[in-house]
Amino acid sequence: MREKEYFIPSSVLLQEIDNELLIYNSETGQFYSVNDTGAVMWESIIQHDNLGDVIDDVSNVFDIDKEALVNDLLKFTLPLYEQGLLVLVKKD
Amino acid sequence: MPYNYYLQFDDKWSVHENVHSNSLHILAQDYLEINDFPFVLVYQNNQDRNVALATNQPLDEQNNERKWLFSVEDVISFTWKNGSHEIFYFFHESATNEIFKFWLYHIVLPIKLSIEQVYKFLHAGAVEVEGHPILFMAPSFGGKSTLTDYFIQMGHPLITDDKMATFEKNGIFYSVPSHPYHRPYRQVEVLGYECENSATKIKPIHAIYILEKGGQEDECTIRPLKGIEKFSRLHEGGEMNFSFFTKDYVQYLSRLANNVNVFSIKVPHDLARLHEVYGTIVEHCESIKSE
């Protein structure tokens, strides 16, 4: 069992509009849309609380190598942290 | 019946029994304790006045005894209790009956009905076409008042001047006629002219048209909006979206986006071609009715 690495703040809202995923941050009033691949990653991020589990999950969906996925996932999650859509869990 | 409420104006304090669930009593009061409302919210206004929306309790406290104050410096103040059928007003030195009506109809009623979650408001003009409500949304000075007025002149009932009250029931989104006043041109604190042909019934929203400014020579074209673009354009036209309801409002807009036809219409920048825009919309309305 992996340690909890991140959480999604309660200010973040997810909505599906015409099969497109909308991520809304009610703290900032900003909203973001993600493409189909991003939507799969985001759905997995919601279901888990650490990137290791997300990598396992998404690599099964797309049937791709986990190492290749790590870079993509980091690229995907970095702006999410920057925009406050994901928050890192502080370690003691 | 503005916003589906009977308004009863009284010039003195009175106690009403058996108040109809859809009636609001607008009562003069002869004193005002502004200090009773220490929690002030940001309220954007474009009427060249200092206005404030304030409440008597912190916003994060749930309490049925919450009271509200909406004040326009030197002009008028309104107070009401959450969910109450009474709105009190207090005239300051610059108040007139016309200005009083402006603030009541155009601002205070939408604020009260939003805060109490009776309706969700959109910044839109709206008329009926063949009995079907259609909404025009655009940024301020984006042409919706002019277009709404053109439809009125062509005999279509007015639903609202620029604050569209809506609600959802069983997945259907309804428009609620506001009041009969229309302002074809925006001037500060002007009530507008009384439109004789005003809609009176609550009806499902048929379509929303987002006005896009085109060039003088551009063709007037309509395209359906989808997905995030649709949400984004509706979000830009949010109205009375108070910070304490933001999440709820966004969820509402998302459901609206998923359930109502939203189109973008390119409007040529030429008043002489308004009839063309009018004709395009009427024809388009007809076509989606039969879909």
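**Reading the two chains**

Colleague: What makes the size of chain A agree with that of a compact globule?
Modeller: With 92 residues, a compact globule would have a radius of gyration near 12 Å, and chain A comes to 13 Å, so the two agree. Bear in mind that this is a predicted model. Along its principal axes, the C-alpha trace of chain A spans about 40 × 35 × 20 Å.

Colleague: Which elements does chain A have, and how are they arranged along the chain?
Modeller: Chain A has three helices and five strands. Reading from the N terminus, their order is β-β-β-β-α-α-α-β.

Colleague: How do you know which class of angle the helix pair α1(A) and α2(A) belongs to?
Modeller: Start with the geometry: the axes of α1(A), residues 36-47, and α2(A), residues 51-62, come within 9 Å and cross at roughly 140 degrees. That makes the pair oblique, because roughly antiparallel needs an angle over 145 degrees and roughly perpendicular covers 65 to 115. The crossing of α1(A) past α2(A) is right-handed.

Colleague: Which residues make that contact, and how do they divide by class?
Modeller: From α1(A) come Val40(A), Met41(A), Ser44(A) and Ile45(A), and from α2(A) come Val54(A), Asp57(A), Val58(A) and Val61(A). By class, that gives six nonpolar residues, one polar and one charged. Ser44(A) is neither in the nonpolar list nor in the charged one, so it counts as polar. Asp57(A) is in the charged list.

Colleague: Chain B has a helix pair as well; what is the relation between α3(B) and α4(B) called, and why?
Modeller: Helix α3(B), residues 227-236, and helix α4(B), residues 246-259, pack at about 125 degrees with their axes 9 Å apart. An angle of about 125 degrees lies between the end of the perpendicular range at 115 and the antiparallel limit of 145, and α3(B) and α4(B) are therefore oblique. Here too the text-book term for the handedness of α3(B) past α4(B) is a right-handed crossing. Lys230(B), Phe231(B), Leu234(B) and His235(B) of α3(B) meet Leu253(B), Ser254(B), Leu256(B) and Ala257(B) of α4(B). Five of these residues are nonpolar, two polar and one charged.

Colleague: What makes β2 and β4 edge strands in the sheet of chain A?
Modeller: The sheet is open, has three strands in the order β2-β3-β4, and pairs in the antiparallel sense. Strands β2 and β4 (30-34) of chain A each have a single partner strand, so one side of each is left without a neighbour in the sheet. From one strand to the next, the twist averages 25 degrees.

Colleague: How do you know that β3(A) and β4(A) count as a pair?
Modeller: A pair needs at least two bridges, and β3(A) and β4(A), running antiparallel, are joined by five. Ile23(A), for instance, stands opposite Tyr32(A) in β4(A).

Colleague: Why is the pairing in the sheet of chain B called mixed?
Modeller: That open sheet has seven strands in the order β1-β2-β7-β6-β5-β4-β3, with mixed pairing. Its edge strands, β1 (6-10) and β3 (39-41) of chain B, each pair on one side only. Some pairs are parallel: β1(B) and β2(B) over five bridges, with Phe9(B) opposite Ile26(B), and β2(B) and β7(B) over four bridges, with Ala28(B) opposite Tyr89(B). Strands β5(B), residues 67-72, and β6(B), residues 76-81, pair in the antiparallel sense over six bridges. In that pair, Leu69(B) has Thr79(B) as its bridge partner.

Colleague: Which strands does helix α1(B) touch, and what angle does it make with β6(B)?
Modeller: Helix α1(B), residues 97-115, packs on the sheet and touches β2 (23-28), β4 (51-55), β5, β6 and β7 (86-91) of chain B, at about 30 degrees to the direction of β6(B). An angle under 35 degrees counts as roughly parallel, so that word fits here.

Colleague: What brings the two chains together, and which elements of chain A take part?
Modeller: Nine residues of chain A are in contact with 12 residues of chain B. On the side of chain A, β2 (12-17) and β3 (20-25) give two or more residues each. By class, this side has four nonpolar, three polar and two charged residues. Helix α4(B) lies across β2 and β3 of chain A, at about 10 degrees to β2(A).

Notes. Residues numbered from 1 in each chain as written. Chains lettered and ligands numbered in written order. Predicted model: local features only at pLDDT ≥ 70, side-chain atom pairs only at ≥ 80, totals over all residues. Axes fitted to C-alpha atoms, helices over the stretch in contact; angles between N-to-C directions. Left-handed = near helix turned anticlockwise from the far one by under 90°. Contact = placed C-beta atoms within 7 Å. Rg over C-alpha atoms; globule rule 2.2 N^0.38 Å.
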